[in-house]
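Work through the exercises below with the coordinates open. Try each task before reading its solution.

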Amino acid sequence: MELSIQHVVKRFGGIIALKGVSLDLSGNELVGLIGPNGSGKSTLVNTIGGIHTPEEGKIVFNGADITTRDSYEIARLGIGRTFQVTRAFRRMTVMENLLVPGMALAPQRGRRAWEKRAREVLDFLTMTHLRDDYARSLSGGQQKLLELGQVMMTEPEIIMLDEPFAGVHPRLMQMIFDYIKTLHQNGTAFIIVSHDMDSIFTLSERLIVLSYGDIIADGPPAVVKEDEAVIEAYLGREEEEEPVA
Amino acid sequence: MDYFLALLITGLVLGIIYALMALGLTLIFSILNVINFAHGEFYMLGGYASYLLLQIFTDIHPLIIVPVSAIIVGLIGAVFEIFFLRPMHEEQIARPAEYAVLITFGLSFFLQNLALALFGPYPHSPRSFFQGSVTLGPATLSADRLAAAVISLLLLAGLLLLINRTWLGKALRAVSQDKQAAAVVGINPYVMNTVAFGLGVGLAAIAGSLLAPVFSITPDVGAVPAIRAYIIIVLGGMGSLPGSILGGLVIGLVESFGAGYFPDPSRALNYKTVFGLVIFALVLLFRPRGFFGRKET
Amino acid sequence: MSQLTGLLRRPQNLVALLLAALALILPLFLPTYWLHVMVVAYFYAILASSWALLAGYGGQFSFGHMAFMALGAYTTGLLTTLADLPILVGIVAGMLVAGIAGWAIGALTLRFKAAYLALFTIAFSEILRTILRAEAQITRGDRGLRVPELFAETISRVPAYYLMLGILLASLIFMYWLAQSRVGLFLRAIREDEEAAAARGVNVVRYKVLTFVITSMIAGLAGTIFAHYITILTPNIMVIPQMGLVIAMAIIGGVESLVAAAIGAILIQVSLELLREFGAWRLVIFGALLILTLRFARDGLLIELSERLFKLGPRAELRTSSGEEGIHDDTEMELVESRSEGAPADGA
């Protein structure tokens with residue numbers, strides 16, 4: 001897996017959300033992406049995922065320029081993502097939710113084969129008993145798991161998780177934590193956006209800090225933690241500005 | 001040259017009246033985030049209200065009737081808003097976007113059929129405001145049409161003042177930008193929704209009663225003005241007040257010049273509205289956010 | 001085969017099959033006039049159910065369905081009169097023209113938010129009607145275009161009855177198959193959340209346009225058959241209140257079920273006949289019913305009714321389970337908090 005983000009600029013009206021962000025990921029790196037509110041974390045994820053098209057710069061994935069590709073193409077190329085507020089298909093069953101990404105990627109493999117894959121995913125996530133439930137009857141945490149399951153269906157090379165731990169009970173958090181580790185050991189790369197400092201420091205091998213649309217630090221968590229600019233821009237304010245849920 | 005000027009003046013006069021209709025639609029969209037697919041039927045109600053009032057009050061000047069019918073229709077709109085749109089904003093209704101489209105379209109279906117049942121399919125015409133016609137340079141306009149344009153112009157100015165200078169305007173703008181923040185500073189967003197809807201359909205009713213003597217009223221009289229207003233708000237950029245005024249003028253001019261220079265004059269009038277659709281398609285192709293639209297994110 | 005038995009396990013489906021069987025033997029009992037009413041009812045049922053596929057499954061709210069119907073009707077009308085082509089050619093051409101127009105409008109509007117489709121199609125519909133009236137030398141405008149009759153050799157309504165019923169059943173079966181296929185799966189995902197469907201790899205615009213073209217062609221087909229049945233066409237077949245009537249039929253029946261929308265259409269058309277003495281007030285009543293159904297029984301009256309009657313099927317299960325939070329949670333999951341508002345907004 002090679003993902004290269006080169007001088008990406010994204011504006012919304014007068015606001016510059018990303019001011020020329022550059023970033024290279026390779027192999028199965030597990031990268032944490034943190035930064036204060038409005039620093040551009042979700043914008044970056046959405047820009048890589050194709051929901052936003054950057055005004056300047058380039059995004060290259062495994063040698064292919066995906067800067068202006070639609071998000072469905074990017075998903076099929078092997079970049080999976082979840083949303084900050086879960087967006088499972090509410091009036092569809094858990095099984096149907098899982099079939100969508102599979103059938104979209106490779107319909108020729110057939111519904112049977114994808115149902116089999118879906119059962120594997122449900123088994124992994126210990127959600128088998130919920131297979132025929134409608135997504136809207138699931139709890140918030142279960143919907144987060146379901147979204148992770150949707151992403152897992154097609155075995156993407158890299159998964160972007162937007163706030164996987166927000167509003168989640170500690171017990172479930174530990175489960176998600178373990179799933180990420182397992183998938184990572186099996187070769188999947190991750191970009192994890194999170195406000196939860198503890199988990200992100202333990203989990204990630206590399207930590208990137210965004211502030212006002214700029215990368216202000218990039219390195220091993222232990223080093224980033226000590227970085228003056230980071231403490232100034234982020235950690236110092238973090239406590240008072242938004243107590244983490 | 002005179003012909004050109006005549007078309008220009010006619011186009012602007014039309015455009016001002018169109019703008020009034022579109023402004024009501026824009027007001028509703030920017031506050032409630034709802035496209036009122038019954039807008040044409042409130043225009044129609046305005047016409048019928050004027051007609052009925054003038055039947056009762058036979059010796060009153062018809063202009064006095066216009067604000068009265070606008071208020072009546074505005075109140076009908078407000079009642080509809082409270083019963084059918086407010087629950088949506090109170091999050092009692094699933095999939096609000098599709099609900100809004102369907103419920104306003106359903107209202108249009110209901111109102112058109114109600115008018116048909118009450119008044120029949122035949123045209124009704126209230127008394128004229130003024131007799132005769134007025135010559136403006138090379139253009140000759142019926143006095144009624146000119147009166148409609150002048151009143152529309154005054155109303156447009158008045159409405160912009162209301163929005164920009166008064167507490168109510170400030171409250172409405174606040175709600176259109178951020179409902180929660182507005183609520184925090186003590187503005188009730190639900191009340192503002194009702195006010196905006198009543199005001200918006202009241203404007204349509206004014207347009208309807210102003211033009212009733214010119215075009216006369218039938219149950220389906222609102223369809224074309226409403227469609228024109230839809231095209232105008234897309235052209236102006238959904239939710240932009242200046243955009244809908246500019247869009248109104250552009251559509252007025254396009255219709256006037258299009259009809260004026262159409263190769264076959266016998267069909268020219270019929271094709272007036274067709275130009276609007278062409279503009280709609282061009283906007284979608286080349287500038288989907290219109291003149292002043294906020295960029296989609 | 002397992003699919004078929006699965007089909008029969010739901011009582012609603014059994015009722016639908018019984019109704020279809022009843023429709024097949026109905027000509028044995030009905031007088032000619034009522035056969036005519038049923039032909040018109042089936043025509044509306046095709047329109048209402050195809051609109052339901054578009055709106056209920058696809059979440060695309062078009063007000064142009066009657067315009068595509070009229071495109072089909074006028075295409076075959078003009079081809080069979082002016083060019084003297086066989087009716088069958090006219091029917092195929094009518095479907096194609098409706099499909100091409102659907103493709104053009106779909107490609108133009110479906111990239112944008114849903115409201116643009118509604119706005120554009122309502123304008124298209126009204127303006128197509130204006131053109132048909134304005135070009136009276138060709139279309140004969142409001143005086144009406146005389147169209148050759150499909151079963152000219154007989155005065156019996158029975159052949160027309162079976163033809164319209166056959167097309168209704170065939171289009172229902174085709175649309176049901178489509179809804180069960182991956183197209184239906186993607187459509188429902190798109191209806192729930194377009195952006196999320198795209199993030200899961202669904203080519204959103206492609207499937208929306210595809211559905212729009214298919215439903216436009218079905219509407220066009222209905223129009224062609226109807227044209228050769230009533231044998232006179234005026235632009236008034238596509239006025240907006242006609243569109244409103246089709247929408248009322250689909251919604252009152254149940255817009256998320258093809259069969260419910262079709263039955264809704266038939267019931268309303270038959271009621272309109274039975275309530276003739278109420279004249280113009282009939283549509284006022286159905287207008288009010290449309291608004292009230294939208295507000296208080298969003299899934300449609302027939303769906304509500306069948307749920308009350310049978311208390312079965314996935315929809316009913318859904319209703320009970322969504323009310324009781326955590327009914328399916330095991331002990332592990334009961335600990336999971338259901339709120340996700342903790343996530344602060346970021347970026348845009």
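**Exercise 1: Overall dimensions**

Task: compare the radius of gyration of chain A with that of a compact globule.

Solution. The model is predicted. Start from the length: chain A has 245 residues, so a compact globule would have a radius of gyration near 18 Å. Chain A has 18 Å, which agrees with that value. Next, take the extents. The C-alpha trace of chain A spans about 55 × 40 × 35 Å along its principal axes. Then turn to burial. Buried residues account for 51% of the 245 residues in chain A. Finally, look at contacts between residues at least 6 apart in the sequence of chain A: 67% of these join residues at least 24 apart.

**Exercise 2: The six-stranded sheet**

Task: give the strand order of the six-stranded open sheet in chain A, and explain why its edge strands each have a side without a neighbour.

Solution. Begin with the inventory: chain A has nine helices and 10 strands. Six of the strands form an open sheet with mixed pairing, in the order 6-7-8-3-9-10. Strand 6 (79-81) and strand 10 (214-219) of chain A are at the edges. Each has a single partner strand, so one side of each has no neighbour in the sheet. From one strand to the next, the twist averages 20 degrees.

Now check one pairing. Strand 6 and strand 7 (residues 158-162) of chain A run parallel, with three bridges between them. I79(A) has I158(A), in strand 7, as its bridge partner.

Last, add the helix. Helix 1 (residues 41-49) of chain A packs on this sheet, and the strands it touches include strand 3 (30-34), strand 8 (189-193) and strand 9 (206-211). The direction of helix 1 makes about 145 degrees with that of strand 7 of chain A.

**Exercise 3: The four-stranded sheet**

Task: find which strands of the four-stranded open sheet in chain A stand at the edges.

Solution. Read the order first: 2-1-4-5 in chain A, with antiparallel pairing. Strand 2 (15-26) and strand 5 (64-65) of chain A stand at the edges. Each pairs with a single strand, so one side of each lacks a neighbour in the sheet.

Move inward. Strand 1 (residues 2-12) and strand 4 (residues 56-61) of chain A run antiparallel and are joined by five bridges. Within strand 4, E56(A) stands opposite V9(A).

Then return to the helix. Helix 1 of chain A lies across strand 1, strand 2 and strand 4 of chain A. It runs at about 65 degrees to strand 2 of chain A.

Terms used:
Residues numbered from 1 in each chain as written. Chains lettered and ligands numbered in written order. Predicted model: local features only at pLDDT ≥ 70, side-chain atom pairs only at ≥ 80, totals over all residues. Helix = DSSP H or I, 4+ residues; strand = E, 2+ residues; numbered from the N terminus. Rg over C-alpha atoms; globule rule 2.2 N^0.38 Å. Buried ≥ 20, exposed ≤ 12 C-beta atoms within 10 Å, placed from the backbone. Contact = placed C-beta atoms within 7 Å. Pairing = 2+ DSSP bridges. Axes fitted to C-alpha atoms, helices over the stretch in contact; angles between N-to-C directions.
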